[in-house]
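Please open the structure in a viewer with residue selection and a cartoon representation enabled. The stops below are meant to be followed in order.

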Amino acid sequence: MNKEQSGVLKAWEATVRKTHAAKKRANSIFGTITMATAAEDDLENHNEKGEEPYLVEKILPNGDYFTGQWYDNFPEGQGKYLWTDGCMYLGEWHKGKTTGKGRFSWPSGATYEGEFKSGYIDGIGIYTGPSGDTYKGQWVMNLKHGHGIRLYPNGDWYDGEWRRGLQEGLGKYQWQNENHYIGEWKNGMICGNGTFVWSNGNKYDGCWEEGLPKGNGTFYWPDGSSYVGNWSQDPEEHNGTYNPSESSQAENTDWDPQSVYVELADCKICPRENVSIMPSQKVLAWYTAKTDENPRRLSVDGRASLGMERPDKMHMWESDDDSNDCPEPRRESDSEISCIQHQHDDTNPKFNPDLPLKVPKIGKRPGETISRGHKNYELMLNLQLGIRHSVGRPAPATSLDLKVAAFDPKEKIWTRFPTEGSKYTPPHQSSEFKWKDYCPVVFRALRKLFKVDPADYMISICGNGALRELSSPGKSGSFFYLTEDDRYMIKTMKKSEVKVFIRMLFAYYNHVRNFENTLVIKYYGLHCVKLTGPTQRKVRFIIMGNLLRSEYIIHRRFDLKGSSLGRITDKSESEIDNTTILKDLDLNFIFKLQKSWFDEQIDRDCEFLEQERTMDYSLLVGIHFKEIAANGDLVPCGSPSPPGSQENESTPSDMEEHILDPKRWGVIKLGMNMPARVERTIRKPESVFHLVGEQTGECYEVIMFFGIIDILQDYDITKRLEHAYKSIQYDPTSISAVDPKQYSKRFRDFIFKVVCEDT
């Protein structure tokens, strides 16, 4: 190993010295490597001594610029960051994130000055738009939330309550023509009880719905006369009584109440501003790439001293042979190469376009039923008792408008389940245990939002049917359990994953509420069972929807990430059945569907996950082939159906009619029961590691199911070490463990390559 490689590893060691668990792992990986540059040793010694933050000036690898206080490889204190696109932040930092008071400016001229928290606009602050419009008030995670005053470019203004970036609660809106409304708002619209006053003195006081009078209300004239009635934009539903005053004008008697709706049509609420990118979405170079280990350190008098230049990373892999001017190409692992070479033969339809594709054999139902005597039988009983208690517990009517306090990590309920029962729990045959509900109000609202009936939910998980445990744990070490009806999946979780989910729960709730077509997996509950006795073991688990539950037979399943290292099944073609989860390098199709449905939502979901700094998620895809020949061959589009072919054998006739009628496609949910076509691709020997094979033009009619799963992996120190270690051996672009920004871009680029518009 050469000196430059050693330097990379030493730098990574420096970033984890204060994390005990990470230090043990670092020693096991890097313990024999001792070579480093003098500048690196100086930086490590500085961090180990616990000195105060010092001034640096950095030109970062991606062209960004930072100057300010620096400590332990991150900004700490006051600092200025300038992005290459012209955005700039000047203010306080903590552990590499904008935290405290600061000022962020956009190239458009827009600015925000106020409080930040962990990279988000959060607290009290003032936003000034490029057109001079302003908002002064409270913020929570980039959204106006709390009391605030908004001045619009056209002269309108609003003073009142905000929720999730929209007017909600009590507030006053005044138009530039001096008409104004005082009252209740919901989702950015006038809704509830309120008073609208025109500049000429006329006034309406009553009920509103979606910005218009609806229900009981009274219209007043300045002379004291009034009109009282039940208001509706539909004249047939409208009725009321005119009450003249002594000085009322004669023209009021001929007044048409519908004229109010005409006048209100000119009183538009200004739309919310369109901010191109929020500060929390901006990429900070120290989270995405290795920064210069020898920044320009400022002396006492402010002059910069330049550190030694480091070789370009691409040149660190050049051959020592002077005759070779090109960097030595990285290689995939020998096991992967031998696996693919073994499979790459003319008898495999994945590589031979002359061979027909066959429907995979039907495998046995996955999982082992947990019955009496199973090692996890008591755990299953505890889980079912806890779910029945949580869901069946009396609670006030669930509202989707939750208070911020409902998302507090301390918002949890412990319940003790003694074997003899208690005032609140039934007697049971299992050992005594304790049950914890995390953020119960939030998950009750999520189940309502996802239209989950509480009784059906309890029957699926706690009914007579036992859970099924999958035969082997996932890569993360978690175990998976399926309900008898396949509707729900239960996954055990590490404590770190629970912390990540609780941290992002507020953003997750807002995302799934705002985008009902989101492809992000649905979560229904987060719980913990604490077993009593000598072990005192805690088992944390999450309940989520099973994306591939369907009345159709799912013939092919793919787990797609957009990376290539290790992304291939180790089974031969003859061993693969319809329950096998295939990976990126197994993919031999291009998916063709209505792309406009897909692109926009993938972008929104990936932006959400990137903002929450999670990675390692994947797109789970299930395919049902609609036409299969009697001999098991798949029948391409346009081919005559062979004698004895089976078309949608497993599909109910009413569902088939629904799928085949294009006029009814509007009610098909994105990612569920979607009619589509897939085009066969072929992998040639010279492109065996290409993620997308060569298209053949051979298409098949299918029904598709897909969604984004495994969204709770934080880019923590373990993943950073994994990235650093594997980057020495493999192409960094092929590794799954990369920075969330890079992961999101790679994931989207890959998905948009394998999903195209069906013309």
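## Salt bridges across the chain

Begin by selecting Glu679 and Lys592, which form a salt bridge whose closest N and O atoms are 3.1 Å apart. This pair links distant parts of the chain, since Glu679 belongs to strand E35 (residues 674–682) and Lys592 to strand E30 (residues 589–593), 87 residues apart. Both Glu679 and Lys592 are buried. Please bear in mind throughout that this is a predicted model.

Next, select Arg748 and Glu610, another salt bridge, with 3.4 Å between the closest N and O atoms. Arg748 lies in helix H14 (residues 740–754) and Glu610 in helix H11 (residues 595–611), so the contact ties together parts that are 138 residues apart in sequence. Arg748 and Glu610 are both buried. Extend the selection to Asp603, Glu607 and Lys741: together with Glu610 and Arg748, these residues are linked in a network of salt bridges.

Then move to Arg513 and Asp401, whose side chains meet in a salt bridge at 2.7 Å, N to O. Arg513 is in helix H10 (residues 495–514), whereas Asp401 sits in the loop between helix H7 (377–392) and strand E21 (412–417), so this pair ties together parts 112 residues apart in sequence. Is Asp401 buried or partly exposed? With a relative accessibility of 25%, Asp401 counts as partly exposed. In total, the model has 23 salt bridges.

## The eight-stranded sheet

Now colour the strands of the open sheet, which has eight strands in the order E20-E23-E24-E25-E27-E26-E22-E21 with antiparallel pairing. Strand E20 (368–369) and E21 are at the edges and have a single partner strand each, so one side of each is left without a neighbour in the sheet.

Within this sheet, zoom in on strand E26 (residues 523–531) and strand E27 (residues 538–545), which run antiparallel and are joined by seven bridges. To find the register, select Val529: its bridge partner in E27 is Val539. Then display H7, which packs on the sheet and touches E21, strand E22 (433–438), strand E24 (480–482), strand E25 (488–493), E26 and E27. The direction of H7 makes about 50° with that of E22.

## An enclosed helix

Select helix H8 (residues 440–449) next. Eight of its ten residues are buried, so H8 is largely enclosed by the rest of the structure. The buried residues are Pro440, Val442, Phe443, Arg444, Ala445, Leu446, Arg447 and Leu449. Show their surroundings as well: the buried residues of H8 pack against H7, E21, E22, helix H9 (454–462), H10 and E26. Just beyond, Lys451 follows H8 and has a positive phi near 60°.

## Two nonpolar cores

Which residues touch the most other members of the largest nonpolar core? In this core of 113 residues, they are Phe501, Tyr508, Tyr523, Phe591, Phe706 and Ile711. H10 gives the most to this core, contributing eleven residues.

Centre the view on Ile711 and display its contacts. Leaving aside residues up to four places away in sequence, Ile711 touches Met504, Tyr508, Val520, Tyr523, Leu609, Thr614 and Tyr617. Apart from the largest core lies another, of 44 residues, with Trp70, Tyr135, Trp162 and Trp185 among them.

## Successive hairpins

Move to strand E3 (residues 74–82) and strand E4 (residues 88–94), an antiparallel pair joined by six bridges. Select Gln78 here; its bridge partner in E4 is Glu92. The hairpin of E3 and E4 has five residues between the strands, and Gly86 takes a positive phi near 105°.

Continue from E4 to strand E5 (residues 97–105): these strands also run antiparallel, with six bridges between them. Met88 stands opposite Ser105 in E5. Two residues separate E4 and E5 in their hairpin, where Lys95 in the turn has a positive phi of about 55°.

## The whole protein

Finally, return to the full view. The protein contains 14 helices and 38 strands, and 49% of its 759 residues count as buried. Among contacts with a separation of 6 or more, 54% are between residues 24 or more positions apart. The accessible surface comes to about 37,000 Å², of which 51% belongs to carbon and sulfur atoms.

Methods. Residues numbered from 1 in each chain as written. Predicted model: local features only at pLDDT ≥ 70, side-chain atom pairs only at ≥ 80, totals over all residues. Heavy atoms only, no water. Salt bridge = Lys/Arg side-chain N within 4 Å of Asp/Glu carboxyl O. Helix = DSSP H or I, 4+ residues; strand = E, 2+ residues; numbered from the N terminus. Buried < 20%, exposed > 50% of the residue type's maximum accessible area, 1.4 Å probe, protein only. Pairing = 2+ DSSP bridges. Contact = heavy atoms within 4.5 Å. Axes fitted to C-alpha atoms, helices over the stretch in contact; angles between N-to-C directions. Core = buried A, V, L, I, M, F, W, Y, C linked by side-chain atoms within 4.5 Å. Areas by Shrake-Rupley, 256 points an atom, 1.4 Å probe, with all protein chains shown as cover.
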